[in-house]
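Q: I am new to this structure and would like a close look at one part, the largest cavity. Which residues line the largest cavity? Then lead me on to the other sites worth a visit.

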Amino acid sequence: MVGGGQLARMSAAPAAALGIDFRVLATSRFESAAQVVADVALGAHDDEHAVLEFADGCDVVTFDHEHVPPPILEKLEARGIAVRPGPHALINAQDKAVMRRTLEGAGAPVPAWRVVESVGAAEEFAEVVGYPFILKTSRGGYDGKGVWRIEDREQLAAVMTGELPPGGQWLAEEAVPFVQELSAQVARSPSGQSVAYPVVRTVQSNGICSEVVAPAPGLDPERAVAAQRIALQIAGSLNVTGMLAVEMFDTGEDLLVNELAMRPHNSGHWSIEGAVTSQFENHLRAVLDLPLGSPRLRAPAAVMMNILGGDVGDLYSAYRHVFARDPGLKVHLYGKEVRPGRKVGHVTAVGDDLEELTMRARHAADYFMGVIDE
Ligand SMILES: Nc1ncnc2c1ncn2[C@@H]1O[C@H](COP(=O)(O)OP(=O)(O)OP(=O)(O)O)[C@@H](O)[C@H]1O
Ligand SMILES: [Mg+2]
C-alpha cells in the first residue's frame, strides 16, 4: 500500500489476520502506518524510483491516498505489477473535473458544474446557478481544503487570486441544497464481484467529516437502494477495483454525486466493529481478487465520530476516563501528532438505540478533544 496514513495503519490488522504480507511505502518511520507495519519502505509517493523499488516483489499495489502520478502507475503496470485501482480509474479520484466529466458520461446524476478559467467565467456561471455557489480546486483538496462557498463577487475574486495546485483547475458547482450527505461504499474485485455496504449519513463541520451514522437514519429504503445502485454502476463503468466510496447529496428528492474515493474511506470506519467484514478487509480481498466478505451490519446501527486535534496533546491521558465510563465503546488512535483540526482518531459505538449510541460516541469524542472534562 502506497501511503503511510491511518488508512494503511487500519489495513494492517486485517492483513495480519489474513496472513497477507503487507508492505507500506511511507515518507517517515513516524508516519501512522509505519509505526505498526513491519515491512516499511521509506520514500515519496511521487518519486518514481522510490515507488518502483518499493513495489519490487509485490503482487499487487494499492493506495491509502490518490496522489501517485499516473505515469508512475503505468510504469508499475508495464513491469507486470497489478495496480488496483488502475490508473484509468484512479484519475477520477485525483481530479474533480475529470471525475465530473466521467460521471456525466456514465449517466450518474451530478450537480451543475463548469471548469472556470477566469473570474469572468465564474461570474457567468453564477448568473446561471446564482449565489452562493461552490468553488473548488480540481486537485489537491481534502477535508474541505480547496472548497469555498462563494457568497459574492468580491469573495470570488479574492479566492481566485490564490494558487492552484499543480495540474489543477478551478471548478464551479451549484450549491446543492441537501437535506443530508450520504456515502455509498462498494467493494469490487477484478473478477467483477461487487458488494454494497449499507448507505450511511455523513456529517461535515467546516468541510471536515465529524460523524457517520450507519445506516443513514430516516433514509427511504428505495432511495438507499438507488444510492447503492449508483455506486455499483460507477464502480463497474469506471472499472474500479478495491473499495469505492461515492459521496452523495440527498436533496430530499434526488441523489447527486459529490465525489469519489477509491480506497478505504472515513465514511466506512464504522465497519471495523459494525459490519461483518470491514472496509479494510474487503479492500484487501478485492485488490487480491479474493471472494468478498459480507458487508452487512452486525447490529441495527453504528455511530462513528472523528477525534480531531484540539487542546489536549496527550490523547492517551483520556483512556482511563473514557474506558471506565463506557466499556462497550471502541477507540482508534492513529499515532499522529495532535494538531488543531487534524484527524487523529475515531470512536465507534455499535448497538440498537441510535440516540444512545450517538450520545456515547459524542461524549467520548468530545472528551478526547478536550471539549468536555467529565
Ligand atoms: N456542490 C456542493 N453543494 C453543496 N455543498 C458542497 C458542494 N460541494 C462540496 N460541498 C460541501 O463541502 C464538503 C467538502 O467538499 P468535497 O467533498 O468536494 O471536498 P474534499 O475536501 O475533497 O472532501 P474530502 O475530505 O471528502 O476529500 C462536502 O462534504 C459538502 O459538505
Ligand atoms: Mg468529500
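A: Helices (H or I, at least four residues) and strands (E, at least two) are DSSP runs, numbered from the N terminus. The model is predicted, so local features need pLDDT of at least 70 and side-chain atom pairs pLDDT 80 or more, while totals for chains, interfaces and linings use all residues. Residues count from 1 along each chain as its sequence is written, chains are lettered from A and ligands numbered from 1 in the order written, and side-chain values use heavy atoms, without hydrogens or water.

Start with the cavity. On a 1 Å grid over the protein atoms alone, a cavity is a set of points where a 1.4 Å probe fits but cannot get out; lining residues have an atom within 4 Å of a point. The whole structure has 1 cavity of 30 Å³ or more. Its volume is about 30 Å³, the space filled by probe spheres set on the points, which are joined across faces, edges and corners. Val322, Arg325, Asp326, Leu329, Arg360, His363 and Ala364 form the lining. Two helices each give two or more residues to this lining: H11 (319-325) and H12 (354-368). H12 gives the most, with 3 residues. By class, the lining of the largest cavity has 3 nonpolar, 1 polar and 3 charged residues. (Asp, Glu, Lys and Arg count as charged; Ala, Val, Leu, Ile, Met, Phe, Trp, Tyr, Cys and Pro as nonpolar; the others, Gly among them, as polar.)

Next comes a pocket, an open set of points with protein on both sides within 12 Å along at least five of seven lines. The second largest pocket holds about 320 Å³ of space. Its lining has 14 residues. Nearest the centre of this pocket are Ile20, Asp21, Phe22, Cys58 and Val60. The lining of the second largest pocket splits into 8 nonpolar, 2 polar and 4 charged residues.

Now the ligand. Ligand 1 is surrounded by 19 residues, each with a heavy atom within 4 Å. The closest are Lys136, Asp143, Gly144, Glu181 and Glu259. Three pairs of N or O atoms fall within the 3.5 Å limit for a polar contact. In one, a polar side-chain atom of Lys136 is 2.8 Å from a ligand oxygen. In another, an N or O atom in the side chain of Glu259 lies 2.8 Å from an oxygen atom of ligand 1. In a further pair, a polar backbone atom of Glu174 lies 2.9 Å from a nitrogen atom of ligand 1. Strands E6 (133-137), E8 (170-174), E13 (242-250) and E14 (255-261) each give two or more residues to the shell. That shell around ligand 1 has 7 nonpolar, 4 polar and 8 charged residues.

Asp143 deserves a second look. Asp143 sits in the loop between E6 and strand E7 (147-150). Its phi is near 45 degrees, a positive value in a residue other than glycine. Most residues other than glycine have a negative phi, and most peptide bonds are trans. Two bonds here are cis. The bond from Arg84 to Pro85 has omega near 0 degrees, and Pro85 lies in the loop between strand E4 (82-83) and helix H4 (87-94). The bond from Ala214 to Pro215 is cis too, with omega near -10 degrees. Pro215 is in the loop between strand E12 (208-214) and helix H8 (221-237).

Finish with charges. The whole structure has 14 salt bridges (a side-chain nitrogen of Lys or Arg within 4 Å of a carboxyl oxygen of Asp or Glu). One of them joins Arg23 and Asp39, at 3.0 Å from N to O. Arg23 is in strand E1 (residues 23-26) and Asp39 in strand E2 (residues 39-42), so this pair ties together parts that are 16 residues apart in sequence.

Methods:
Polar contact = N/O pair within 3.5 Å; in protein donor to acceptor, adjacent residues only side chain to side chain.
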